[in-house]
Amino acid sequence: MSETSDVLIIGAGAIGSAAAYYLAKRKISVTVLEKSEYIGNGGSSRNGGGVRQSGRHSAELPLAMYGVKNLWPNLSQELGLEVEYCQGGNLRLGKTEAHLKILQGLTANCVAGGLDMRMIDYREAKEICPYLSEEVIGASWCPTDGHANPLLTTLAFYRAARKLGARYVSGAEVDKLVKNKGRVTKAITADGTEYEFGQAIVVAGYDSGKILATVGLEVPMMPLLMEILVTEDAPRMFTQMLGTAMADFYGHQSTHGSFVFGGTHGFEPYAEYGETKLTSVGASSTCRGIIGYFPVLSDLKIVRTWSGWIDDCADHIPVMGNPKETPGLTIGCAFSGHGFGISPVAGLLLAQLATGQETALDVSRFSYDRFRAKV
Amino acid sequence: MTLERNRDFGDYVPAPDDDLVICRCEEVTKGEIRQAVRDGMFNVHEVRRLLRCGMGLCQGRTCAKLVKAIIARELNLPAPSLLDATARAPMRPVEMKVFANEKGL
Amino acid sequence: MKRYDLIVVGAGPAGLSAASEAASLGLGVAVFDENAKPGGQLFKQIHKFFGSKEHKAKMRGTAIGAELLDEAQRLGVEVFLNSPVVGLYDNREVLVRQGDAVQHYKGDGVIVATGANENILAFEGWTLPGVMGAGAAQTMMNINRVMPGKNILMLGSGNVGLVVGFQLLQAGSKLAAVVDAAPYIGGYGVHAAKIARTGVPFFLSHTIVKAEGIDRVTGAVIAQVDEKWNVIPGTEKSFEVDTICVAVGLSSSVELLKMAGCEMKKDGLGVIPIIDDDGETSVWGVFAAGDVSGIEEASAAMIEGRLSGLAAAGKLGFVGPEALKNRKEELLSALEGLRDGMFAPKNRGKSQDSTSEGLPVSKCLLANGFLDDSETFSYPGVKSVPGLHPVIECTQNIPCNPCQDACPKGCIKVEGKIIALPVFDEKSKCSGCGLCVASCSGQAIFLVNEDLGDGKAAVTIPYELLPLPAKGAVGTALGRSGAPLCPAVVTEVKLIGAFDHTALMTFTVPSKFAMTARFWKNEVPA
Amino acid sequence: MRIKSHPILGEVKPAKSLTFTFDGQQMLGLEGEPIAAALRAAGVMIHRYTKKRKDPRGLFCAIGRCTDCVMIVNGRPNVRTCVTPLEEGMIVKTQYGAGEASK
């Protein structure tokens, strides 16, 4: 097999595989390199599954809205695998006036961006989701939000891209990128294999940082470890994506019945980057958050917990684009913990960026240029 | 280990026991596992993420070795060469209210 | 956070031994176990254990469990029951579910002794109610005192299958057959022999084809397999059974060790932790003892536990280097003895054609579960002499020697290593006390008087079934294969405390059956 | 069926009888035994029907690992009956799927 391809994608997560799929669909030769032995073993398989527009940064909102309108509804059909997309709306809950103030701010921001989102009172929230605690006084509500299964979505893109001829190599960690006559032309993996390309897309989560550094690019990211839990199956109770003003927890009930909840516990990262250990307190903290809003779930049994790393950008929005300094290179990283919901559209945009096509949406706000010193 | 994933398995030959339930909790069959391997799921992690075998109430404590053996056979590899799923807390199902009620910190 | 010098996870043979060893050296020890009762699987093990008398051989698992518990309590070990460990986190923090809370504990040392899970086998109908693990059947009958079923098929001829198979007979169930895909019996020949002589057939090189039934098991079909484990069409056999027990090996329950980040190595289809000879894993202060570190007998698990308890004490400064060294050597040498012989972990899967004495291992025993009558005299425990004498049908190198000490007359010798076959010294005079018969964990010792003077012989067998026949009862003598031989009159049934529930039944048969009649059935021959 | 006499374990120790219901039917069990033992002694084999195939399932590992014997106990689904002690007045129901208490 040739070690040369039109596009080399570094990272087989949801976004990398989405890009591979959209490129392979256009009959462009694609090679995808994945550091891990497993496809989608990073944040793509470890997140809470939100397909959310509400609460997004104004820069990200158009992407999220585009995805919900154009990509998610047909994704299962297009990829030939049920990805459990459920457009059940998003409830973000508040218990105090201060909470409501935060929610109002988020709502105003999204409404300004054209999203159907509004504040609702306890009664209306309770009609939407009858299991709320009586302590809730109001919520923001976005009826077009939802959730999907991140494991299935990631593997569905992988499976479909592979079927269309995208070449996948796992266990292939890129050590460095190499420039030739001013253009980035090849990647060298840890075992010394050289992969040449017309254009590369670096979409490797936090690991993108050290790969990009080999050609002099520096993305200001922090690795953050998040913990998630999943419960036993339960009869279907509600379809909404849930969150709170204070981000005590977030999550949903999956279509197969188990509840998936993530949360933070206020402890700084304690693990070395790359380890996916858990704290002894994370699940407890998340459970207290959940029970505080959904007391009915308190008897539900947790069967598993896990953790995953977020590539949190200094300004908490992604970096996507073709930096001027490095012709031949497209970046897609620093999705800051909200990449899954926009993974199909991000993959589409990266595929367009990498092939010089006009992008479906304006991506200038995500440009690498924003970190350049202003003169 | 570097793994090229664009492997040609040839035509799927149905086996008489394809309908056999392997994961008792999530009711995943042998045929589904075999098909998943052919769809590019080359290890225990990917197969379980795709099919949920080993993700049910018992968390694979019953079927893990069976699933591994089927994947290995389909890939024509020795079964021990495949890694198991990661072990995660809680070791037994624990109610949210119990987790929420921490003592001894 | 509540701190202990040592936290032990699992109150089975390894865990309790570890806890006691450490507590005896002054450590404050807590043991957490998920079950309502301590002892791990010991209280299901109602058979007598093999091994050396220094390490509790010929005691039943139940008694060993009680003794270990007593010891732990005497030494001040805190045993917490109904306390499943939820996780083992960094710096040996142990999260335990207790009542309606999760409790955080910290151990300076942690010994994981979580035992093993049963392996399973998938076949058509295997999800039907009535198909269960052999261990499940054992739990139901020996702990809960509920019969798992009336007619049972046992899949697997390893020690678990054989031991549980016999226990099913003791519980009053019928055992339809013991089935194994391997061509040879996997467990101890003596365990197989005590089942075979009751008339239960063994089907080696056979596999289960299906469990029959609509909403519960009503039958089973087995068939012969070729060398490649493929079913040979036309060899199917059906059984009317309500229960199918699966005993196809055990896997170490390593989840906590994996979670703690201990390095693992492959072991069959699963993994076991990489440990040093103290049982310490790659994570400082985290030890693994018993089945969780590799499947062995409970006798080995108890010594492994003590080694880990000792090592934890040494590591934490509770015992000086000299005492540590001496005790460790003592324990290691005992462990070495148990890890010898043809069933040792290092010899698993190797052919067992001959004993360490150079005697051929009975092919009939391996293939059918019983010694061929013509083979018995090849072994040093079987000799024909006038008068009453023991017949020791012990033909494989199993680490076990209680018979030698049981005989007050010195008739029986286990020379050299503990795995040596017992030798009957025909120059000694047997008093007929029967202690050897009751002491043999394999129920392989019989007392025979080949000629009572009237053309009859007296045969004394170990008998652990109910009901015990009355003196004078007329039944049928069965051969080693379970085939009926002749009418047999019970002349004595002896059950004294020293026999520990193994009754000694004596029956008379025509002399020509003296060396072949090995079981008695309460049925008058047609 | 209960094992009253046993050659090794002897006569069964007397235990207090407890009343419970199984799918509305009144039954007797013994104090200190798990729910699954009381059901088995009463001849109940089927603990639940699965979600996808509606297959019957019963006791399988008996030590709380396989979770196949789960039932709805006092209104809570997915209770491992092999390790949950029987209590006076317990309401035990066949579980259908993830815990719908009826077909």
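Where is P90(B) found in chain B? Let us work through this and two more exercises on a predicted model, in which local features need pLDDT of at least 70, side-chain atom pairs count only at pLDDT 80 or more, and totals for chains, interfaces and linings use all residues. Residues are numbered from 1 along each chain as its sequence is written.

**Exercise 1.** Place P90(B) and describe the peptide bond before it.

Step 1: P90(B) is in the loop between α3 (64-75) and β4 (94-95) of chain B. Helices (H or I, at least four residues) and strands (E, at least two) are DSSP runs, numbered from the N terminus.
Step 2: The bond from A89(B) to P90(B) is cis, with omega near -5 degrees.

**Exercise 2.** Is R52(B) buried or exposed?

Step 1: Find R52(B) in the loop between α2 (44-51) and α3 of chain B.
Step 2: Although not a glycine, R52(B) has a positive phi of about 75 degrees.
Step 3: With 14% relative accessibility, R52(B) counts as buried. Buried means under 20% relative accessible area, exposed over 50%, and partly exposed in between (1.4 Å probe, protein chains only).

**Exercise 3.** Now try K54(D): which loop holds this residue, and is K54(D) buried or exposed?

Step 1: K54(D) lies in the loop between β3 (48-49) and β4 (56-57) of chain D.
Step 2: K54(D) is not a glycine, yet has a positive phi of about 55 degrees.
Step 3: K54(D) has a relative accessible area of 57% and is exposed.

Definitions and conventions:
Chains are lettered from A and ligands numbered from 1 in the order in which they are written. Side-chain values use heavy atoms; hydrogens and water are left out.
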